[in-house]
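Visitor: Please show me the assembly, and let me ask how each term applied to it is justified.

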There are 4 protein chains.
Amino acid sequence: MAALSVAPAGSRPDGASIGIPYSPLQKAAMTSIDSILRGYLSDNAAGASPQILDAVVAASAGPAAPYGNDALTAQMRAKMAAAFECDLDVFAAGTGSAANGIGLAALTRPWGSILAHADSHINNDEAGAPEFFTDGSKIVLLGGAHSKIDPDELRAAVNAGRGDVHSVQPSVLSITQVTETGSVYTINELRELTTIARDAGLRIHMDGARFTNALVALDVSPAEMTWKLGVDILSFGATKNGALTADAIVSFDPTLATELSFRHKRGGQLTSKMRFQTAQLDAYLTDDLWLENARQANAMAARLRAGIVDVAGVTVTNEPGSNILFAIFPDELSDALHDRGFGFYTDRWGPGIVRIVVSFVHQAVDIDEFVAAIRELA
Amino acid sequence: MAALSVAPAGSRPDGASIGIPYSPLQKAAMTSIDSILRGYLSDNAAGASPQILDAVVAASAGPAAPYGNDALTAQMRAKMAAAFECDLDVFAAGTGSAANGIGLAALTRPWGSILAHADSHINNDEAGAPEFFTDGSKIVLLGGAHSKIDPDELRAAVNAGRGDVHSVQPSVLSITQVTETGSVYTINELRELTTIARDAGLRIHMDGARFTNALVALDVSPAEMTWKLGVDILSFGATKNGALTADAIVSFDPTLATELSFRHKRGGQLTSKMRFQTAQLDAYLTDDLWLENARQANAMAARLRAGIVDVAGVTVTNEPGSNILFAIFPDELSDALHDRGFGFYTDRWGPGIVRIVVSFVHQAVDIDEFVAAIRELA
Amino acid sequence: MAALSVAPAGSRPDGASIGIPYSPLQKAAMTSIDSILRGYLSDNAAGASPQILDAVVAASAGPAAPYGNDALTAQMRAKMAAAFECDLDVFAAGTGSAANGIGLAALTRPWGSILAHADSHINNDEAGAPEFFTDGSKIVLLGGAHSKIDPDELRAAVNAGRGDVHSVQPSVLSITQVTETGSVYTINELRELTTIARDAGLRIHMDGARFTNALVALDVSPAEMTWKLGVDILSFGATKNGALTADAIVSFDPTLATELSFRHKRGGQLTSKMRFQTAQLDAYLTDDLWLENARQANAMAARLRAGIVDVAGVTVTNEPGSNILFAIFPDELSDALHDRGFGFYTDRWGPGIVRIVVSFVHQAVDIDEFVAAIRELA
Amino acid sequence: MAALSVAPAGSRPDGASIGIPYSPLQKAAMTSIDSILRGYLSDNAAGASPQILDAVVAASAGPAAPYGNDALTAQMRAKMAAAFECDLDVFAAGTGSAANGIGLAALTRPWGSILAHADSHINNDEAGAPEFFTDGSKIVLLGGAHSKIDPDELRAAVNAGRGDVHSVQPSVLSITQVTETGSVYTINELRELTTIARDAGLRIHMDGARFTNALVALDVSPAEMTWKLGVDILSFGATKNGALTADAIVSFDPTLATELSFRHKRGGQLTSKMRFQTAQLDAYLTDDLWLENARQANAMAARLRAGIVDVAGVTVTNEPGSNILFAIFPDELSDALHDRGFGFYTDRWGPGIVRIVVSFVHQAVDIDEFVAAIRELA
């Protein structure tokens, strides 16, 4: 069965014009289009929630003021403020990379540094977007188990080089919640990190591409997981959890609004028909859709984990809690599952390591089918 | 009647946190939400074509490979190639500013200069996005009547400072088609400019935010208006003519594909659920929707122009051909029309100058109502 | 006689590796090495003042703390503060382009604009260094006779687009004193411009590559020509008037010191053996050397002007006052003078236009010889 | 005895305007100006070689063409080419940070990554200058003992993310020779690294701030240590080894000359009186001055090492070979030496760690005095 290559978007089908050979790590372990159709490759392989699609269609009725000066955008903003129990500024972004880049740029000068986990998306998966949007700030890497920043490493880093003109200046702590490997910081863990950073004068950024999955996992309020801990700017992910193309930069510091406005425009994110972006966010925040979607994804991931944790030869390696499952599968198992049409990444994080991401569209019947296949083929 | 303020997107309703006073030029001449509902403020005040909305909804059925590695994106690419009668690379962009910025960045090094008309969008309306995306290239301004570049000015500029290490190096000619004031370059006019630029070794960029309006106005093929004239990269506008949030960078030079891929990702434009972007472009290119929409807008603008050109006190100032009308209205007329709910910009381009933009949603009955109001109130 | 090509520094002698053909405008009208030895090409064709050379040699005696933490740097700073009658921060820069770029970067954010004359060095002669150092700010051009900014054009520009998120924000007024064509703003002219800018909230930058030539021409104090008029940052030129490689960024606003420190380091200007830079500035400020050198240059330029102003066929075109003379010479005259070994630019600013720059090394006998040659050959 | 604070250059003496508190790590362990006068703080605490001072003074005699178009610059270039036994391009730079930044920028696009040791100067000591000059490239860190890159880590890194549009692209290997901790790569060690990088398509940059110290330590030719191993661009340090303010970017790839020319100008490094920079490099390369200076520094460091290696309580920790000595001293010993006026860093690299740098100015009598003091006070 022919391998499905994963070319950079926009490349020619044969990759000929790209001129850069693909590394084995990048080759997704998909062997047919069917494997994609089972949809465990990522939560962005899913479609959108019907409620959000309806809202997009509804937003098209009649003209509206462009560039976010429309009533729907104002309404979304009010809903976001209500959800977070505070006044805030919100800017829709087409990608998480744009949200992260623009948010970080508002929190550091170019000679500042961003402290982040070595596993973080901003470090590994954005082709240098943070460096681009911040005009060349430096990401300083920290370690820690399960992709969570080790507080002692943070303590050592927050003052490194401070006041030394030869050194970049520690300026921002960027926390990923849910982490890249699916673990979820507890509120106490978050508080320890944000306190260290705050005490040293750093700003706090949260990459919340899977923000809501963490929220429902911890069963806390949005406020408790953000500004009450000192978070200044949140990359509020919606795309992976039901939206089409809409994440958001949420700022809890009104003094950043002007800078964010200009960086958002200048960064190519101020869409003219903004209501089509904000309609997605508005519906997402309506009738607990965001929370329900995240609960479904998390519950199905837990069901999958429970179903395979005792299978001989399979080792589940990451912390439970969110919608991501990391495991070690024998190569033969992965191959056999791919042949059955179950799509998920192998080898991208190391030999034998598989990542399975469950999304809000998955139902118990899907999970049970997947579990059965794993148990049969293992 | 209370004025409707036009705040930067994301700003607080009272503008308090912005901290920058509004200039009179920026104040849109809108006096009620009704004025927006009549929709002549801009073609981005319109909603989306039903066919495009349908395509977006349909794209949500079932999972798909993320980041543009899906079948719909491949199909769209093929339709674009067919429309332009050549192989090409295409990258969806959420805004025209992003499309322009990324496209220009692929055509010049930071010490290169971009030759453009002083009226161009890249110079006036993108808050420095081209300078941001190009890592600090310089836009060198040219004049010319009706926002069209004067060939003699171009001739003088293409070699200015060439080879002088103290000077930026002329690298790109950026042509806006339709221009900012609604005029349309003829093919011969385009050829003269692109020949001058090509002969001097410059690359050619076309800002086609209203590309299709020009195409149908000239009744030429996409190929004739682009790569056959030497255009390297086109910002292909779809949003203003029926899409929701999707423009595209179209590159006719395969050697630029790798650089564009990375700049597109790094610039925050590689959406994870790319099919929701490409679905818009795909439907736009299907069954001549793009051409039909543009023909409707242009025809309605011509109908409006014909209806008011002889009104005493009203002077239509721009060239006919596209969907934009510039005119001088007495202040009393503008005010009275605003009170009737007709929305359009006044004063932004100078005292007394009004800009009326007609879009694909306008029908003859709308235009006739507008004409009647102007004739009555003038 | 073979033409002496003026290649970019570092290029191969035959220019082969540069790959960019030279434009006629760039070709300096020099026909032998002798023509350089007469030294009217620019004031940077001169060597250094003996007092400054002595100071550099003296600075080498014994070790010193690096990076400007040495006693000589502190002493220079004190002399600069005394000369300007105020506390200030000073950062040595190896070039005027670096001084301008770093100074401007401290006065504007990337989405800000810098208002400057179209003839200014930052616009024409720095290969985009301001755009580079400011992370992509935009220089907005103003006109005005004799390379002096027209106050009415400034008035129109200071508020253009203010508060409009689609527009760059007017942030800095950059004034060149002495201007590129050798004219000198009067204190009243400067005050009018700085008042307009200050009233609109802009910061003030002064490009003083020939600062001292203006100072002695106006017979005012450094304070009167800078901070008393609201200048925030001055590019203090010394190289053209007697130093080797040392200009300086002088900041009158203590709140800018931290940002300037980091931009100066990050911009590659914090020399490890800083005392060799500050020794130059220290000697320059000692015993009125800077003032004496500028007086000599200005006086000799006036002597030259007086000697040729009545020559038939020669038209002196620029304002008197500084050490630069612009004139129209018949081509035959320029050629004949070049053959005699007098070096000066022709054609760079337009056909027939010559620029003659007199420096502190020129003596009355030199000028009289030049005048005699012009009168003989005209 | 009051500590001598080491403020960023240009800061106010009391640091008040800097606003950033100093970290303990930054506080240099100097207790009086005498301690500086003993000069072991860094090799940039030394003055300049008399021959170089003479050359600078001589360069001032008579006018010369500006911006490097002078005869002395051409002569220096020829000497550099002779020393390296190849044609090359050379650009004088005022600082090593500028040389590194501009050189790296010519070897990578903004989405490329630079592979470098975690201890490297470009990572730790340039306040983000590489990120600034490269328009936001990323430095990816490698480990390895004695600040030398581990070949296995390099092997793993050269292909990481290659062809993956989500990842920065490995583009440059930057090697520091002499390393930051004074170790010297052997030719075989260099060849192993450059071969790995070359085979993967990376470019090679060498940070040679102490290039000549390595050269004489290995007793190889400049060619053997650079282009014969595949080095594309060398930051050729001269300042630490006898010059005043002149390092150089040496490029062995003629296709980079144009880009380097523009980046050098745009980066604020093209001095108008360039001959004062190139005179330093010319004298440095004349009559083996560079080699003699480096031999003296290395020999004196070896003498110091031999004199203290057996002292109880003192542990010399770094590899021998160059002019740098890292050791662990009891705090009481460091304090007592500081009180005697011996200046060197303590604590900057960790508690108890001292760095002693010997330069070309040190003579046997100086070293013997230092050794005697250490032996007496230990």
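Guide: The questions below take the chain contacts and their symmetry in turn.

Guide: This is a predicted model, in which local features need pLDDT of at least 70 and side-chain atom pairs count only at pLDDT 80 or more, while totals for chains, interfaces and linings use all residues. Residues are numbered from 1 along each chain as its sequence is written, chains are lettered from A and ligands numbered from 1 in the order in which they are written, and side-chain values use heavy atoms, with hydrogens and water left out.

Visitor: What makes a residue of chain A or chain B part of the contact, and how many does each chain give?

Guide: A residue counts when heavy atoms lie within 4.5 Å. Chain A contributes 75 residues and chain B 75 residues.

Visitor: What is meant by the area buried between chain A and chain B, and how much is it?

Guide: Buried area is the accessible area (1.4 Å probe) that two parts lose on being put together, summed over both. For chain A and chain B the value is about 6,100 Å², with 56% from carbon and sulfur atoms.

Visitor: How many salt bridges and polar contacts are counted between chain A and chain B?

Guide: A salt bridge requires a side-chain nitrogen of Lys or Arg within 4 Å of a carboxyl oxygen of Asp or Glu; between chain A and chain B the count is 0. A polar contact is a pair of N or O atoms within 3.5 Å; within protein, one must be able to donate a hydrogen and the other to accept it, and residues adjacent in sequence count only if both atoms are side-chain atoms. By that rule, 24 residue pairs are in polar contact across the interface of chain A and chain B (both at pLDDT 80 or more). On the side of chain A that touches chain B, H10(A) gives the most, with 6 residues.

Visitor: Why are chain A and chain B described as related by a two-fold rotation axis?

Guide: Superposition is by least squares on the C-alpha atoms of residues with pLDDT of at least 70 in both copies. Chain A is laid on chain B with an RMSD of 0.0 Å by a turn of 180° and a shift of 0.0 Å along the axis. The two copies are therefore related as by a two-fold rotation axis. The same surface serves both copies, since 100% of the contact residues of chain A recur in chain B. A:Gly94 comes closest to the axis among the residues of chain A, at 3.4 Å (C-alpha).

Visitor: What does the contact of chain A and chain C comprise?

Guide: The contact takes 19 residues from chain A and 19 residues from chain C. About 1,900 Å² is buried between them, 62% of it on carbon and sulfur atoms. In chain A, the residues losing the most area to chain C are A:Trp111, A:Phe262 and A:Arg266, together 37% of what that side buries.

Visitor: What makes the pair C:Glu259 and A:Arg109 a salt bridge?

Guide: Their side chains meet at 3.2 Å, N to O, and the limit is 4 Å, so the pair qualifies. The rule finds 2 salt bridges across the interface of chain A and chain C. It also finds 10 residue pairs in polar contact there (both at pLDDT 80 or more). Helix H10 (residues 257-266) of chain A gives the most to the side touching chain C, with 6 residues; helices are DSSP runs (H or I, at least four residues), and strands are runs of E of at least two, numbered from the N terminus.

Visitor: Which operation lays chain A on chain C?

Guide: A turn of 180° and a shift of 0.0 Å along the axis do so, with an RMSD of 0.0 Å. The C-alpha of chain A nearest that axis belongs to A:Asp135, 3.2 Å from it.
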